[in-house]
Amino acid sequence: MDIEDLKTRILAGERRALARAITLVESGRADHRAQALSLLEALKGHGREALRVGLSGTPGVGKSTFIEAFGMMLTAQGLKVAVLAVDPSSARSGGSILGDKTRMERLSRERNAFIRPSPSQSQLGGVARRTREAIDLCEAAGFDVVLIETVGVGQSETMVAEMSDLFLLLLAPAGGDELQGVKRGIMEMADILLVNKADGALKSTAVRTCADYAGALRLLRKRPQDPEGFPKAMTVSALEDSGLVTAWEEMQSLADWRRETGHFAGRRAEQARFWFEAEVRERLLARLKREPVKGAMEALARDVEAGGLTPSAAAEELLRDYLQMG
Ligand code: GDP
């Protein structure tokens, strides 16, 4: 594959080249991996900056409806929008709930939109790397907004928050009891809580739910990366297209404030460090599972079981002799 040509076409914003490059970063083949790395390396320093927006919510809350309506609003403003998905179920089962082609049909036909379903990969770590690299590629291709969608289940939310400039949590109108179902840790990650389905018979419940969440947000510790009034809760209706313009204005005002105060760049720098460390950890773990380290570990474990070696001595031997560390 001609990496230089691919690079030129990505920088020109060609969607087919972008799709091809994402396929390359998703591949597990060693030669593809090497090409992907040289492509990413070659694209560095393109000077473009997308707003990376993470979005999470439980199934049925309206994520695809919201992304489609929100994406259509952005493209109508002349902005280029990319949508990527991180689907933890695909990491486990190989099947994808976010990958379904019928989702976001209108948006997928937009010239200024690019939608990429979640890859099926065996490990969440692999999905994280692929998604980070896909974000970089979309940014290089000149997308203004990159939406990264995930289903609300623990680990994948943290992962998406760690690759976003802003993190949105989409919620359903609910009674007071259900409010407590949102884990504190997830609330703490969010910059904007969007209570969706504020329309028809659900509207008054949505308004009440929103007030409850706003109250809960005020109890959280103040974060240095937030201006006055953030994180905040708002109501929207993805179905009726209401509240979306206001939500976008709030996102922009938060992003602008963070850019002016250095928190935007600061957060990206912290994220780069986070992913570097995560990748080192992951690679070390992978080595432990490969021969000859795996076999040596098993032999040492048996020695420890039999009382021939202390756990610490065995660990030391493994690190020194098999991993050449220390
Ligand atoms: P996802 O699983 O989070 O992607 O949710 P979907 O976007 O597939 O929506 C789940 C259901 O909620 C669908 O039947 C949508 O039509 C409905 N829905 C989504 N947004 C709204 C909304 O703003 N108002 C109402 N009343 N229903 C909505």
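Me: Helices (H or I, at least four residues) and strands (E, at least two) are DSSP runs numbered from the N terminus; in which strand is T150 found?

Reply: T150 is found in strand β4, which spans residues 145–151. The model is predicted, with local features needing pLDDT of at least 70 and side-chain atom pairs pLDDT 80 or more, while totals for chains, interfaces and linings use all residues. Residues are numbered from 1 along each chain as its sequence is written, and side-chain values use heavy atoms, leaving out hydrogens and water.

Me: Why does T150 count as buried?

Reply: Buried means under 20% relative accessible area, exposed over 50%, and partly exposed in between (1.4 Å probe, protein chains only). T150 has 0% relative accessibility, and therefore falls under the 20% limit and counts as buried.

Me: What does the side chain of T150 reach at 2.8 Å?

Reply: The side chain of T150 reaches the backbone oxygen of V86 at that distance, which is within the 3.5 Å allowed for a polar contact (a pair of N or O atoms; within protein, one able to donate a hydrogen and the other to accept it, with residues adjacent in sequence counting only if both atoms are side-chain atoms).

Me: Is E68 buried or exposed, and what makes it so?

Reply: E68, which has its place in helix α4 (residues 63–76), has a relative accessibility of 14% and therefore counts as buried. A polar atom of the E68 side chain lies 2.8 Å from the backbone nitrogen of L107. Leaving aside residues up to four places away in sequence, E68 touches M104, E105, R106 and L107, where contact means heavy atoms within 4.5 Å.

Me: What makes R281 and K197 partly exposed?

Reply: R281, in helix α13 (residues 263–288), has a relative accessible area of 48%, which lies between the two limits, so R281 is partly exposed. K197, in the loop between β6 (192–195) and α11, is at 28% relative accessibility and for that reason counts as partly exposed as well.

Me: What is the value of phi at K197 and at D241?

Reply: Phi of K197 is near 70°, a positive value in a residue other than glycine. D241, in the loop between β7 and α12 (244–261), has a phi near 65°, again positive and again in a residue other than glycine. Most residues other than glycine have a negative phi, and most peptide bonds are trans.

Me: Which omega value goes with the cis peptide bond from F230 to P231, and which with the one that joins E291 and P292?

Reply: Omega is near -5° for the cis bond from F230 to P231, and P231 lies in the loop between α11 (203–218) and β7 (232–235). For the cis bond joining E291 and P292, omega is about 5°, and P292 has its place in the loop between α13 and α14 (293–305).

Me: How do you know that S64, D199 and L239 have polar atoms close enough to the ligand to count as polar contacts, and at what distances?

Reply: An N or O atom in the S64 side chain is 2.9 Å from an oxygen atom of the ligand, a polar side-chain atom of D199 lies 2.6 Å from a ligand nitrogen, and a backbone N or O atom of L239 lies 3.0 Å from a ligand oxygen. The protein covers 70% of the 580 Å² of accessible area that the ligand has on its own, as computed by the Shrake-Rupley method with a 1.4 Å probe.
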